[in-house]
Amino acid sequence: MAKEALSNKVGSFPKSELYTSFHKKIFGQGLATSEGQKWAKIRKLANFALHGENLKGMIPEMVASVEMMLEKWKDCHEKELNVYEEFKILTSEIISRTAFGSSFQEGQQVFYMISRLVLLADRNMLSIRLPIISKVWRSRDEIEAERLEEGIVKSIMLMVKKREDNAKSSGEVADGYGRDYLGLLLKGYHDDEDETKKISMVELIDECKTLYLAGQETTNSLLSWMILLLSIHQDWQDAARKEVVDLFGHDRTPDVDGIARLKIISMIISETLRLYTPVFSGFARETHTETTIGKLVVPPGVQIHFPFMTMHHDPEIWGEDVDAFKPDRFVEGIANATNNNPAAFMPFGAGPHACVGFNFATYEAKVALAMILQRYSFRVSPGYVHAPSSVSMVRPENGVHVILTSL
Ligand code: HEM
């Protein structure tokens, strides 16, 4: 039923209005929250930017970002490291470089401001706004959120201006904006020939915000939980390392062909996404007319939520060992792992709004994990305290502390 509703073939389950003014400030009218023509226009662009040859072309940037992180780890032999904080910088660096031709350092303020907005949104999820009073009085959080929003817009505008100036000085305005996401958005913004492709500055800014958030927090969560699970399950860590070393040795960097052959790591990624589903629940959808879903007749005005995490922990689908880390449940594919119910596994959502960064995230996780396994073994630090929390994503509240051993 969840898949049917998310597939939304007849347009019966559009996304609901965002919960609070805080969420509106985070996502604006970006890809993750828009519908119809507006969504289709940007989705086409994002598909082009994040798939195929463009995606393959991003692998050297992913590798370079991981190398930067590993360079810092050189003095960490037998020391404790909070990989959650390390991956926060890594995933920010990767999305900054690949989508915006920038760097973590340059985008640092935007990342910080977006994370702060996410915290405020979570804190105010259930706060009630009184219609008249809220017009004249704003809470401290609302005032801070407004300042943050202004700051984010300002920083993105600076990045946009820099790219426009570069294009002008190169003399190639049409193609000089670049082929990354920012370049494609700017081309759309300056497109005077085709009204259907034209993008407004507000849309452009909302898309940048969406990608800064969606492209960073999610993969950070995946990588952190994966390292934790492999620290606990040393047999799987050894198996994954063997696979990597057989393919790339201890110092050859991962390439496209090799990445496609990382079967054990693919299984580990799936099992991690099942146990610690970063996006634990999709955006709510809402019926606008009476709609039939499966055998259910849903009246108009009903909000539908998609608890991906709960679906991934249903013993009827996954068996009695549902809570155990068993990557080999995916060895024969998703249909086999889900007792012939593949729609029960949807860490990246389903239907037209399914994650546009699915391949990007998978490449990123494989490249990072492979390069770490080539150089280090790792085990859980005695200082680690297990505290998964769900502030926007399923994240480790106290970080993931491991002890690294150089190989
Ligand atoms: C492990 C990593 C990731 C997970 C688990 C994940 C999960 C998801 C899920 C479940 C959705 C659908 C939400 C819904 O339908 O309500 C989604 C949508 C989206 N994701 Fe991801 N995501 C990940 C990484 C990324 C990355 C790296 C990017 C960008 C580079 C990205 C960009 C987006 C965007 C823009 C959407 C909205 C798509 C649309 O509505 O058309 N995601 N993601």
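This is a short tour of a predicted model, stop by stop.

**Stop 1: the ligand shell**

Start at the ligand and select its surroundings. The shell holds 26 residues. Gly 215, Gly 282, Gly 349, Cys 355 and Gly 357 are the closest. Colour the shell by class: 17 residues are nonpolar, eight are polar and one is charged. Now show the helices that feed the shell. α3 (36-50), α12 (201-214), α13 and α20 (358-375) each supply at least two residues.

**Stop 2: Cys 355**

Stay at the ligand and pick Cys 355, one of the closest shell residues. UniProt, in an unreviewed entry, places the feature "binding site" here, at Cys 355. Trace the backbone on either side: Cys 355 sits in the loop between α19 (334-337) and α20. Buried or exposed? Cys 355 is partly exposed, because 19 other C-beta atoms lie within 10 Å and a residue needs 20 or more to be buried. Next, look for partners beyond four places in sequence. Cys 355 contacts Phe 348 and Gly 349. Gly 349 is also among the closest residues to the ligand.

**Stop 3: Asn 339**

Keep the loop between α19 and α20 on screen and select Asn 339, which is found there too. Check its backbone. Phi is positive, about 60°, although Asn 339 is not a glycine. Most residues other than glycine have a negative phi. Asn 339 has 13 other C-beta atoms within 10 Å, so it counts as partly exposed.

**Stop 4: Glu 78**

Where is Glu 78? Go to the loop between α5 (59-72) and β1 (80-82). Glu 78 also has a positive phi of about 60°, and it is not a glycine. Glu 78 counts as exposed, because only 8 C-beta neighbours lie inside 10 Å and 12 or fewer is the cut-off.

**Stop 5: α6 against α13**

Select helix α6 (residues 83-100) together with helix α13 (residues 217-232). Two packed helices are described by the angle between their axes and the distance between the axes. Here the angle is about 145°, and the axes are 9 Å apart. α6 passes α13 in a right-handed crossing. Which residues make the contact? On α6, show Val 83, Tyr 84, Phe 87, Lys 88 and Thr 91. On α13, show Thr 219, Asn 220, Leu 223, Ser 224 and Ile 227. By class, this contact has five nonpolar, four polar and one charged residues. Recall that α13 also supplies at least two residues of the ligand shell.

**Stop 6: Leu 230**

Move along helix α13 to Leu 230. With 28 C-beta neighbours inside 10 Å, Leu 230 is buried. Leaving out residues up to four places away in sequence, Leu 230 touches Trp 236, Gln 237 and Ala 240. Now draw a distance to Val 118. The C-alpha atoms of Leu 230 and Val 118 are separated by 29 Å, and the two residues are 112 apart along the chain.

**Stop 7: Phe 111**

Finish in helix α7 (residues 104-123), where Phe 111 is found. Phe 111 is buried, because 22 other C-beta atoms lie within 10 Å and 20 or more is enough. Show its contacts beyond four places in sequence: Ser 92, Tyr 212 and Gln 216. Draw one last distance, from Phe 111 to Ile 152. Their C-alpha atoms are separated by 8.8 Å, with the residues 41 apart along the chain.

Conventions:
Residues are numbered from 1 along each chain as its sequence is written. This is a predicted model: local features need pLDDT of at least 70, side-chain atom pairs count only at pLDDT 80 or more; totals for chains, interfaces and linings use all residues. Axes are lines fitted to C-alpha atoms, for helices over the stretch in contact, and angles run from 0 to 180 degrees between N-to-C directions. Helices (H or I, at least four residues) and strands (E, at least two) are DSSP runs, numbered from the N terminus. A crossing is left-handed if the near helix is turned anticlockwise from the far one by less than a right angle, and right-handed if clockwise. Two residues are in contact if their C-beta atoms, placed from the backbone, lie within 7 Å. Ala, Val, Leu, Ile, Met, Phe, Trp, Tyr, Cys and Pro count as nonpolar, Asp, Glu, Lys and Arg as charged, and the others, Gly among them, as polar. A residue is near a molecule or strand if its C-beta atom, placed from the backbone, lies within 6 Å of it. UniProt positions are given in the numbering used here, feature names are shortened, and annotations may be inferred rather than shown by experiment.
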